[in-house]
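Biologist: I'd like to learn how to read a structure like this one. Can you walk me through it?

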Amino acid sequence: MSNATECHWERQRRYPTRKGKTNEPSRRTETIDRLDVRGDARVVNRVPDNSNFRGIALAPDGIFSITHRGRAVTTGFVYEPFCLRHNPGQGHPERSARLSATIAHLERQPWYGTLAPVPTREAEKDWLRSTHAEEYIARAEAACQQGAAHLDVPDVGISPDSFTAARLAAGGGLALADRLMAGDINNGFSLTRPPGHHAESALALGFCLFNNIAILARYLQSKHGLEKIAILDWDVHHGNGTQHTFEDDGSVLFVSLHQYPYYPGTGAHSETGVGQGAGATINCPMTAGSTDEDYQAAFSERVLPALNSFGPDAILISAGFDAHHDDPLANIDLSTECYRWMSERVVEVADQHAAGRILSLLEGGYSLDALPLSVAAHLEVLLDSSSA
Ligand SMILES: [Zn+2]
């Protein structure tokens with residue numbers, strides 16, 4: 001018995017996919033640290049149990065049960081219950097029920113157990129400083145500690161736990177990045193709050209304290225050495241904070257589809273980046289009432305060509321689901337299936353240019369019915385990609 005054995009195994013997807021298709025088994029090679037069979041075993045079934053895998057191995061001289069602690073190459077998933085404790089105030093649409101309704105729905109899905117749980121961490125202040133002013137970080141911490149009702153603007157309601165929750169939300173991306181770059185996961189999604197894409201360097205805005213996706217992009221570049229990062233923001237609101245963070249930086253492509261004109265007012269077609277970043281900001285303003293077909297046309301004509309010509313090393317998604325037609329905050333009419341379609345297109349680009357690397361962070365999405373369904377559709381595509 002070896003402590004580190006290369007095991008070839010086949011994964012049999014046992015849940016039906018959409019349109020009634022059955023997935024073909026996929027073949028992987030992974031390193032395991034305990035294998036109770038000798039020889040050239042072939043695992044034909046496995047039962048995921050967090051990071052432990054139990055299964056049946058077919059070897060030339062018989063059928064064996066195996067147990068091993070493996071490196072599952074799958075979709076990483078961050079969910080942090082502490083984020084429920086961020087309370088922006090009674091009646092605020094960015095409420096904790098967004099997460100609790102979503103996780104309850106996900107846990108009922110037959111594929112939920114195939115996600116790789118990734119614990120988040122409080123993003124270190126050094127990484128917060130990659131995007132935010134020192135003075136702002138201190139001000140946010142003090143305001144939460146002192147029990148202030150809001151930070152900077154009335155719509156960023158806060159509570160004593162909000163600073164920690166915001167660091168955990170930012171840390172979700174960092175934890176996924178570490179697992180991605182270690183080869184433990186193919187892609188990942190972080191189900192945390194508060195969201196981040198409106199947060200500016202020194203200003204809280206639009207329910208956001210720290211710009212989670214911007215911090216993640218900087219982290220992938222500085223910590224993990226990736227050069228070109230693409231950020232796709234399909235939240236219905238324009239990601240002003242993200243755009244401003246990178247608008248003079250040609251190493252980060254920012255592509256946004258958003259209702260326009262609408263909150264926060266930025267994101268005109270003419271905003272295309274400045275200086276070294278000229279051309280690396282792509283805004284696709286969408287008029288109220290836009291449909292799946294309008295978004296698909298924008299994808300085909302602008303989003304996908306921009307991503308393909310940039311050739312990113314990783315694609316990050318500011319995954320807000322508030323362009324759904326059931327969302328109470330905006331006036332775009334996307335179906336749940338459109339989120340699946342957009343996710344599939346991003347996977348194709350990531351497979352072509354970025355070794356499949358996609359990390360996706362929850363931004364908005366305020367319908368407790370549409371948000372869980374949309375997140376599930378998004379995750380199903382990421383999982384399909386992981387097992388392809
Ligand atoms: Zn939004």
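**Reading the fold**

Modeller: Let's start with contacts (two residues whose C-beta atoms, placed from the backbone, lie within 7 Å). In the protein, 73% of the contacts with a separation of 6 or more are between residues 24 or more positions apart. This is a predicted model, where local features need pLDDT of at least 70 and side-chain atom pairs count only at pLDDT 80 or more, while totals for chains, interfaces and linings use all residues. Residues are numbered from 1 along each chain as its sequence is written.

Biologist: Where is confidence lowest, and where is it highest?

Modeller: Look at pLDDT, the predictor's confidence in each residue, from 0 to 100. Its mean for the protein is 87, and 81% of the residues reach 70 or more. Strand E2 (residues 26-32) is lowest at a mean of 37, and E9 is highest at 99. Over residues 1-54 pLDDT stays under 50, and likewise over residues 64-72. Where pLDDT is low, the predicted coordinates should not be read in detail.

Biologist: How many helices and strands does the protein have?

Modeller: Helices (H or I, at least four residues) and strands (E, at least two) are DSSP runs, numbered from the N terminus. Here there are nine helices and 13 strands.

Biologist: Is E9 enclosed or open?

Modeller: Use burial: a residue is buried if 20 or more other C-beta atoms lie within 10 Å of its own, exposed if 12 or fewer, and partly exposed in between, with C-beta atoms placed from the backbone. In strand E9 (residues 229-233) five of the five residues are buried, so the strand is largely enclosed by the rest of the structure. Ile229, Ile231 and Asp233 cover one side, Ala230 and Leu232 the other.

Biologist: Which strands pair with E9?

Modeller: Pairing takes at least two bridges found by DSSP. E9 runs parallel to strand E10 (residues 252-259) over five bridges, with Ile231 opposite Phe254. Five bridges also join E9 to strand E12 (residues 314-319), again in parallel, and there Ile229 stands opposite Ala314.

Biologist: And what about the length of helix H4?

Modeller: The expected span is 1.5 Å times one less than the number of residues. For the 20 residues of H4 (residues 162-181) that gives 28 Å, and the end C-alpha atoms are 29 Å apart, which agrees. Of those 20 residues, 17 are buried, so H4 is largely enclosed by the rest of the structure. After H4 comes Gly183, with a positive phi near 80 degrees.
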